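Trainee: Could you take one part of this model and go through it closely? I would like to know what lines the empty spaces there, and how the helices that belong to the picture are packed.

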Amino acid sequence: MKQWSLLAGALAIMLTGCGGDRQLRAGLDRITADGLRDHIATLSSDEFEGRGPSSPGEEKTVAYLQDEFAQLGLEPGNGESFLQEVPLVTITANPSMSLTFQGRGVTRRLRYGPEFIAWTTRVVERADLRSSEMVFVGYGVVAPEYGWNDYEGLDVRGKTVVILVNDPGFATKDTALFNGNAMTYYGRWTYKYEEAARQGAGAALIVHETAPAGYPWEVVTGSWSGPQFDLVRENNNMSRVIAEGWLTAESARAVFRQAGMRYDSLKAQAARRGFRGVTMGGLRASLTIRNTIARSTSNNVLAVLRGSERPDEYVVYMAHWDHLGKDTTLAGDQIYNGALDNATGTAGLLVLAEAFTALPQRPGRSLLFLAVAAEEQGLLGSAYYGTNPVYPLAKTVAAINMDGLNIWGPMNDITVVGYGMSELDDYLAAAAATQGRILRPDPEPEKGFYYRSDHFNFAKVGVPALYTDAGIDHVERGEAYGREGREEYTAERYHKPSDEYDPNWDLRGAIDDLQLLFRVGHRIASETTFPNWRPGTEFKAVRDAMMGN
């Protein structure tokens, strides 16, 4: 940490020595708690109905963003339009389903919701899993670079694979396994379903446990029930498994006992090098999923401030505008307001846009303010932009993502998710030094936040991407208070109707962070160099090839 502080100080001296602060003051002064608060309160109000994609809530959200950008004098970011259409398909599974396990003289039926959640990404009205043999495949990972293959020697075609969440490094805390306690992409549920499909499995069920998943069971039921969105694809997702889903840990233990197996013992074995998957005592799984299919269009919202010297080069600020919408099956509060996640980030996008328009002189490069759709449905809006970019990726200098701002007050640090991956850390360190702050790696790397927000879709196509989170060392109350705030939010409000705006939020920390990100983006937009990934990161080769390096 001391090394970063020294580097930050040196860079900060260079910036301020050139009168950088005086030139930036007009923009920095426009980043205020009152302006941020007004946008958060509006976007997370019941009137916006949880900002669900392809809903009346989307219409209100998109109209609000377009109006705000236009009032600031920004140009439409997609030709003559502020919108980029994102074609979606919505698959809504009928919740009156049961997952049945037969074998060893017992038939066990699990209840949808309390004991399991399942769906299909195949665009079909009915998906049938019939008497599918079950196989436990440990973490469900094929990672040659780590010398790991849970599917080695197994033929799982048409079978139901049962998979552990996260990866062996988290389970053992062994730094020699994967990335130790920090989750790799192999630990993400998205990867596990994708790999199961590549192996030809019929279904894939992940065992939920709160610590390795990074969220409680209520997040599973809230996120994977009701309408599920996906991008429209030519093959209607028929290459995916028939059924994807989650089992509670208690349900999994009962199923393993039915198979004559001990879950905890096998879980321990699965974290050791050389583990091979095993069949589950002749158990067979059956499930019928009945769907309602609808096709719709959501929208990314794009606004541009043209650069004064190199307008064909772009620095991207981004945040996802959507949340989980409204669930009329709930008793009581039915609106997932998504105040922290991500009305705060979207509000921050508007505040930053206002700050840049207040500058007496525009930076040399253009600024793209990108509010993406359907993040909560699998990063779909940013995925669509990544494969259908409005502006060339080789001319996209960097992306700066905001997904949940600091509502707990001023911090001595700022968290960098994916710390050490790109040269953008140097820019952030310089900005942080102007506030007497330091950079801190993600304190919860086991939760895989790097793979859970929209910057990842820019990283995958090579664009250096910066993703920060609130610090944890509170200026006035210390680290314990900072950690408690994060933990309370995850347990009590994350992806729940209780994520509502609170006028008592301490937004001083959010303003500090937005001013840091303003400084970072302004500096990049004022330079001629292209920041890159650090050597050894998986995205550097893509960027180097793109740039002709």
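Mentor: In this predicted model, the lining of the second largest pocket has, by class, 12 nonpolar, 19 polar and five charged residues. The space in this second largest pocket comes to about 810 Å³. Its lining is made by 36 residues, and the closest to its centre are S225, G226, P227, K326 and D327. Elements that give two or more residues to the lining are the helices α4 (56–71) and α8 (217–224) and the strands β2 (83–93), β11 (227–231) and β15 (325–326). Of these, α8 gives the most, with four residues.

Now the enclosed spaces. Rolling a probe the size of a water molecule over the atoms shows where empty space is left. Counting cavities of 30 Å³ or more gives four. The largest cavity holds about 60 Å³. Its lining includes the run N401, M402, D403, G404 and L405, followed further along the chain by T468, D469 and A470, and then by D513 and L517. Strand β21 (465–469) and helix α16 each supply at least two of these lining residues. By class the lining of the largest cavity divides into four nonpolar, three polar and three charged residues.

The second largest cavity has a volume of about 50 Å³. Strand β21 turns up again, with the largest share of this lining, three residues. A465, L466 and Y467 are among the lining residues, together with V416, V417, G418, M421, S422, D425, Y450 and W533. The class count for the second largest cavity is eight nonpolar, two polar and one charged.

Helix α16 leads from the largest cavity to the helix packing. Two packed helices are described by the angle between their axes and the distance between the axes. Helix α16 (residues 508–526) packs against helix α11 (residues 339–357) at an angle of about 50°, and the axes are 11 Å apart. An angle of about 50° therefore makes α11 oblique to α16. The crossing of these two helices is right-handed. On the α11 side the contact is made by G348, V351, L352, A355 and F356, and on the α16 side by L514, F518, G521 and H522. Six of the contact residues are nonpolar, three are polar and none is charged.

Helix α11 has a second partner to look at, helix α3 (residues 33–43). Here the angle is about 135° and the axes are 8 Å apart. Angles over 145 degrees would count as roughly antiparallel, so at about 135° α3 is oblique to α11. The crossing of α3 past α11 is right-handed. From α3 the contact takes G35, L36, H39, I40 and L43, and from α11 it takes A339, A343, T344, T346, A347, G348, L350 and V351. By class this contact has eight nonpolar, five polar and no charged residues. G348 and V351 of α11 are in the contact with α16, and G348 and V351 are also in the contact with α3.

To trace the path on the model, begin at β21, which helps line the largest cavity and gives three residues to the second largest one. Then follow α16, which also supplies lining to the largest cavity, across to α11, and go on from α11 to α3.

How values were computed: Residues are numbered from 1 along each chain as its sequence is written. This is a predicted model: local features need pLDDT of at least 70, side-chain atom pairs count only at pLDDT 80 or more; totals for chains, interfaces and linings use all residues. Side-chain values use heavy atoms; hydrogens and water are left out. Axes are lines fitted to C-alpha atoms, for helices over the stretch in contact, and angles run from 0 to 180 degrees between N-to-C directions. Angles under 35 degrees count as roughly parallel, over 145 as roughly antiparallel, 65 to 115 as roughly perpendicular and the rest as oblique. A crossing is left-handed if the near helix is turned anticlockwise from the far one by less than a right angle, and right-handed if clockwise. Contact means heavy atoms within 4.5 Å. Ala, Val, Leu, Ile, Met, Phe, Trp, Tyr, Cys and Pro count as nonpolar, Asp, Glu, Lys and Arg as charged, and the others, Gly among them, as polar. On a 1 Å grid over the protein atoms alone, a cavity is a set of points where a 1.4 Å probe fits but cannot get out, and a pocket is an open set with protein on both sides within 12 Å along at least five of seven lines; lining residues have an atom within 4 Å of a point. Grid points are joined across faces, edges and corners, and a volume is the space filled by probe spheres set on the points.
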